[in-house]
Amino acid sequence: MRDVNSFFKANTRDVEILYLVHLFRFLPLKTLSNLLIRRGTYTKYQAVSRNIIRLIKLRFLRERKYDFNAKFLFLGSLGADILSHQKQIPREYINTPVRLAGVNLFAIEHTLNVVELYEIFYEGSKKYNFDILEFKGDGSVRFPVVFTDNILGKKIKKYVLPDALMRIQIGEDIKTFFIEYDKGTEYSKDVATKYTKYFQYFLFDENWRDMFGEFPTIIFIVEKTKKRIFNLISNENFPDLNKFPEKEHYLRCPNVVIKGVGLHENLRSTGSSKVHDFLKPDKFLFIDLPTLKSEGLNVKFLNYMQKEIQLFSNNSDLKNL
């Protein structure tokens, strides 16, 4: 049985710390401290450290140390209960690993990359006056897709696994984004299969309409240069989308969004209107991280047709979505 008094020991700052850890499943202590300082929750690192020690003693947070002398924090079950109560988040949606399994240098680097993206959008939210209603990262976003292969006659199950999900509100508008972070280590066909899964999620899972209203915009962020982007959204052999191209026409195009549609097992039996509904130009955006970091959310994204799209403007409006 839970200690009811523990709920009264959690103040506003405590809940913010618990929430930040929840967003990313686990956080290095140094990264969490930097986030709290930049958000203005604390002004001194010593104060952050004192409160973290307190939260660990109260069993709101748990810690693990690794060979490279880094300390990682994740939610204890008591902290998860408090977060659920204070933030009105269903308890089953809060990740409280019994131990930090699967945390290695690659997982750490990935988490730090997603945190960096969160910071960019958080800073942008102040400039463009929007609220981040939800941000989930580091493996906490997972949507199953189930359908029957028309040729093989067997049921197929896949998962849509974006690196992060973000929901924002500007005025009366609420928009959802899936965020993909690309380190440049995957072949373009492997990237295309991500868009195949998004296409299949669009086709076969009606739940996204209830969750999001409209299909989320997919922001693909490459770690290094724009050259990688132009390779991924090449317009070579680009099919005429005003006609309903054959499956082979999609597959011949190196553009990862177009090829992703072509890799769908049941494309030949998919109506052209569904393909057109999915391939909206403003739903697939690409940007390189150096440009995003230097220009912030004032940056112009490229869509999958290599046309520029600017999401945010100084009049606090979602310009193109």
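# Briefing on a predicted protein chain

Arg59 sits in the loop between helix H4 (45-57) and strand E2 (61-65); helices (H or I, at least four residues) and strands (E, at least two) are DSSP runs, numbered from the N terminus. This is a predicted model, in which local features need pLDDT of at least 70 and side-chain atom pairs count only at pLDDT 80 or more, while totals for chains, interfaces and linings use all residues. Residues are numbered from 1 along each chain as its sequence is written, and side-chain values use heavy atoms, with hydrogens and water left out. Here is a tour, topic by topic.

**The chain as a whole**

- The protein chain holds 13 helices and twelve strands.
- Along the principal axes, its C-alpha atoms fill a box of roughly 65 × 45 × 45 Å.
- The radius of gyration of the protein chain is 21 Å, which agrees with the value near 20 Å for a compact globule of 321 residues. That radius is taken over C-alpha atoms, and the globule rule is 2.2 Å times the number of residues to the power 0.38.
- Of the 321 residues, 50% count as buried. Buried means under 20% relative accessible area, exposed means over 50%, and partly exposed lies in between (1.4 Å probe, protein chains only).
- About 16,200 Å² of the protein chain is exposed, with 48% of it supplied by carbon and sulfur atoms. Accessible areas come from the Shrake-Rupley method with a 1.4 Å probe, and for residues only the protein chains shown count as cover.
- Among contacts with a separation of 6 or more, 60% join residues 24 or more positions apart; contact means heavy atoms within 4.5 Å.

**Positive phi values**

- Most residues other than glycine have a negative phi.
- Arg59 is not a glycine, yet has a positive phi of about 70 degrees. Arg59 counts as exposed because its relative accessibility is 53%.
- Arg25 is another residue other than glycine with a positive phi, near 75 degrees. Its place is the loop between helix H2 (12-24) and strand E1 (27-28), and Arg25 counts as buried because its relative accessible area is 18%.
- Gln88, just after H5, takes a positive phi of about 55 degrees.
- Gly40 follows H3 and has a positive phi, near 85 degrees.

**Helices H3 and H5**

- In H3, the buried residues are Thr31, Leu32, Ser33, Asn34, Leu35 and Leu36.
- Helix H5 (residues 77-87) has buried residues too: Leu78, Gly79, Ala80, Asp81, Ile82, Leu83 and Ser84.

**Residues in H6 and H7**

- Tyr128 belongs to helix H6 (residues 105-128) and is buried, with a relative accessible area of 1%. Tyr128 and Arg91 lie 37 residues apart in sequence and 32 Å apart in space, C-alpha to C-alpha.
- Asn113 is also placed in helix H6 and counts as buried at 9% relative accessibility. Not counting residues up to four places away in sequence, Asn113 touches Tyr181, Lys183 and Glu223.
- Lys194 is found in helix H7 (residues 188-204) and counts as partly exposed at 24% relative accessibility. Neighbours within four places aside, Lys194 is in contact with Glu180 and Glu186.
- Lys194 and Leu161 are 33 residues apart in sequence, with 8.3 Å between their C-alpha atoms in space.

**Cavities**

- Rolling a probe the size of a water molecule over the atoms shows where empty space is left.
- A cavity is a set of points, on a 1 Å grid over the protein atoms alone, where a 1.4 Å probe fits but cannot get out; lining residues have an atom within 4 Å of a point. Grid points are joined across faces, edges and corners, and a volume is the space filled by probe spheres set on the points.
- There are two cavities of 30 Å³ or more by this rule, and the largest cavity has about 50 Å³ of space.
- Leu35, Arg38, Arg39, Tyr118, Glu119, Tyr122 and Glu123 line the largest cavity. Helix H3 (29-38) and H6 are the elements that give two or more residues to this lining, and H6 gives the largest share, four residues.
- The lining of the largest cavity has three nonpolar residues, no polar ones and four charged ones. In this scheme Ala, Val, Leu, Ile, Met, Phe, Trp, Tyr, Cys and Pro count as nonpolar, Asp, Glu, Lys and Arg as charged, and the others, Gly among them, as polar.

Notes: 1 Å grid on protein atoms, 1.4 Å probe; cavity = no way out; pocket = protein on both sides within 12 Å on 5 of 7 lines; lining within 4 Å.
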